[in-house]
Amino acid sequence: MSTQNYSKLIHTMLPALPDYIQDYYQSQKAIPIADSTLYQYLHFYQEFLNWLINSGVTAASSPQTVPLTVLEHLSLRDAQAFMAYLLERPSKTHHNKRMTRRSVALRLVGIKALYRFLTEESETHTETASYRNHKLQEMLFVDGEDAKFLQWLDQSYAQQLPAKPRRYFEATKVRNLAMIALLFGSGVRVSELVNMNLEDLNMDRHTVQVVRKGNFQDRVNFADWIDPYVQAYLTQRAAIIGYQKPTSPLFVTVVGQKINRIRQNTIEAFFKRYTTDYGRPSTPHKARHTLGTNIYTVTKDVQQVADQLGQTTTSATDLYINLSDKSGKEALREVSETAAKATDRGHEQA
């Protein structure tokens with residue numbers, strides 16, 4: 001089967017799976033992993049979730065609605081029951097035979113990979129909410145830090161680089177700044193950024209058209225403070241490449257006469273490198289969290305956050321509520337001020 005066919009099958013399957021598996025898929029695309037392997041893994045997860053439903057482990061009515069907590073609290077007995085189910089299940093190609101141990105092993109490898117992502121890479125497990133939020137806040141660029149970071153990249157970063165890395169940075173600087181600005185200014189996913197075409201960007205209306213998870217179209221607003229970075233790239237792009245069709249990739253790499261759409265892992269790599277050198281190691285996905293937090297801080301409107309980020313429900317916006325809630329620190333500050341006043345009064349009475 002061709003890569004294109006696997007891609008179509010994946011996009012048909014994804015909407016029927018939970019958000020946390022869709023997040024896993026997006027993370028693996030950034031590595032990248034072959035679509036054939038990802039399709040196989042998604043098929044395994046669908047199979048696993050259906051077993052959880054049919055076995056009564058969860059009361060969910062469909063794979064898409066199986067809550068993350070079911071996977072978090074899966075008992076050893078249930079895990080062993082699933083293993084027995086796989087070993088006893090008939091082969092799809094030979095109904096009079098059982099599934100081979102190799103097929104069983106492949107499924108377990110895929111499920112372990114998902115659990116590894118959920119426990120080691122995602123932001124939703126094994127820690128208290130407060131601890132997770134503190135860790136995540138360290139990777140965000142709120143309160144204007146996103147603009148300061150871009151300004152630092154534009155005006156100061158090259159000065160600290162050795163000659164060869166500096167030349168490479170300068171060669172790609174305008175394009176990379178424009179992509180980082182769009183990530184911070186619109187909250188699009190890095191996969192959505194990669195797939196943008198020239199016709200998708202409307203500088204007059206400050207919108208960009210993207211294909212969201214589930215393969216649906218969305219028109220996304222972006223903040224006007226990022227205009228200079230995006231416009232500088234469009235000007236440079238036109239000067240280097242010349243005229244291209246509106247359906248041509250927006251962000252490209254140019255090697256000799258060859259023009260290619262930029263790869264997602266390229267963006268992941270330089271974003272991590274730049275933010276680490278800035279002293280705040282982060283990822284493109286945290287730029288999305290940054291905008292969500294900034295919008296909620298200003299509006300206190302979870303629906304507005306969901307609309308901007310292309311989320312079909314507001315269930316995922318609790319993250320931004322927690323990140324923008326400074327009540328804990330404010331309460332401690334009041335406690336400290338009260339203590340200081342009490343101490344001062346004690347000194348005066350003495």
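Here are three short exercises on this predicted model, each with a worked solution.

**Exercise 1: helix α13**

Work out what span helix α13 (residues 284–299) should have, and check it against the distance between its end C-alpha atoms. Then find out how many of its residues are buried.

*Solution.* Start with the length: α13 has 16 residues. The rule is 1.5 Å times one less than the number of residues, so the helix should span 22 Å. Now look at the ends: the end C-alpha atoms of α13 are 23 Å apart, which agrees.

Next comes the cover. Twelve of the 16 residues are buried, so we call α13 mostly covered. Among them are Pro284, Lys286, His289 and Tyr296. Finally, step just past the helix: Lys300 follows α13, and its phi is positive, near 55°.

**Exercise 2: Gln28**

Decide whether Gln28 is buried or exposed, and name its contacts beyond the neighbours within four places in sequence.

*Solution.* First, find the residue: Gln28 sits in helix α2 (residues 19–29). Its relative accessible area is 9%. Buried means under 20%, so Gln28 counts as buried. Now for the contacts: once you set aside the neighbours within four places, Gln28 touches Ile33 and Leu38.

**Exercise 3: Ile240**

Classify Ile240 as buried or exposed, then say which residues share a nonpolar surface patch with Ile240.

*Solution.* Begin with the location: Ile240 belongs to helix α11 (residues 227–241). Its relative accessibility is 56%. The cut-off for exposed is over 50%, so Ile240 is exposed. Last step: Val254 and Ile259 join Ile240 in the patch, and together the three have about 250 Å² of accessible area.

Definitions and conventions
Residues numbered from 1 in each chain as written. Predicted model: local features only at pLDDT ≥ 70, side-chain atom pairs only at ≥ 80, totals over all residues. Heavy atoms only, no water. Patch = residues over 30% accessible without salt bridge, like charges linked within 9 Å, V, L, I, M, F, W, Y side chains within 5 Å. Areas by Shrake-Rupley, 256 points an atom, 1.4 Å probe, with all protein chains shown as cover. Salt bridge = Lys/Arg side-chain N within 4 Å of Asp/Glu carboxyl O. Helix = DSSP H or I, 4+ residues; strand = E, 2+ residues; numbered from the N terminus. Buried < 20%, exposed > 50% of the residue type's maximum accessible area, 1.4 Å probe, protein only. Contact = heavy atoms within 4.5 Å.
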